[in-house]
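Please look through the predicted model below with two features in mind, a pocket and a pair of packed helices. The account begins with the pocket and then turns to the helices.

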Amino acid sequence: MRFFIQRVNHAKVLVEGKISGQIGTGLLVLIGVSEEDTREIADKMIKKLIGLRIFEDENQKTNLALNDVGGSLLLVSQFTLYADCRKGNRPSFIKAGSPVLANELYEYTIAKCRETGIAVETGIFGADMKITLAAGRAHLKHTEGGDFRQSTYRAVRQGLMQAESILLEPYYT
């Protein structure tokens, strides 16, 4: 299971020109499911997602989680997170889960996130969705000391190698 996470000031999903889901401050999460994924894996990912401390506190340190800032979740299914572009020019989606399994785990993830008390909005599984977002400024630690483009590449490469939870913003450990 892969979560592609973006911290947002606001985000929305449109399906056929109508708003399917919309949030203010929170996290936009694209969710990809593979054939090997289970509810146990989803539970671990949800626990990590809810506990991520990626919002700034009063000292501009990323110490706050979603609950601490009164944030919301916008959960969107995205099978392309399992695209394999290593060979040729056409992506392979062999590692993506079947639509039945993916929808089951997507709906399970939505239900479990709602159980935490956090406001959850969603896209529509399998629909042609248009996503818009405003991400706000990057944290100072994420951009200091060099070329932002290179730090972004390093962070994305590191996230892709771990293939568990990928942050769009550069993140250093």
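In this predicted model, helix α2 gives the largest share of the lining of the second largest pocket, namely 3 residues. The elements that contribute two or more residues to that lining are β4 (26-32), α2 (99-115) and β9 (129-134). In total, 18 residues line the second largest pocket, and those that lie nearest its centre are Ser77, Gln78, Phe79, Phe125 and Gly126. The pocket has a volume of about 300 Å³, and its lining divides into 11 nonpolar, 6 polar and 1 charged residues.

Helix α2 also takes part in a helix pair, and here the general description is useful: two packed helices are described by the angle between their axes and the distance between the axes. The axes of α1 (residues 39-51) and α2 come within 10 Å and cross at roughly 40°, which makes α1 oblique to α2, because the angle is neither under 35 degrees nor within the range of 65 to 115. The crossing in which α1 passes α2 is right-handed. On the α1 side the contact is made by Arg39, Ala42, Asp43, Ile46 and Leu49, while α2 contributes Glu104, Leu105, Tyr108, Thr109, Lys112 and Cys113. Taken by residue class, the contact of α1 with α2 comprises 6 nonpolar, 1 polar and 4 charged residues.

Note on methods: Residues numbered from 1 in each chain as written. Predicted model: local features only at pLDDT ≥ 70, side-chain atom pairs only at ≥ 80, totals over all residues. Heavy atoms only, no water. 1 Å grid on protein atoms, 1.4 Å probe; cavity = no way out; pocket = protein on both sides within 12 Å on 5 of 7 lines; lining within 4 Å. Points joined across faces, edges and corners; volume = space filled by probe spheres on them. Helix = DSSP H or I, 4+ residues; strand = E, 2+ residues; numbered from the N terminus. Nonpolar A, V, L, I, M, F, W, Y, C, P; charged D, E, K, R; others polar. Axes fitted to C-alpha atoms, helices over the stretch in contact; angles between N-to-C directions. Parallel < 35°, antiparallel > 145°, perpendicular 65-115°, else oblique. Left-handed = near helix turned anticlockwise from the far one by under 90°. Contact = heavy atoms within 4.5 Å.
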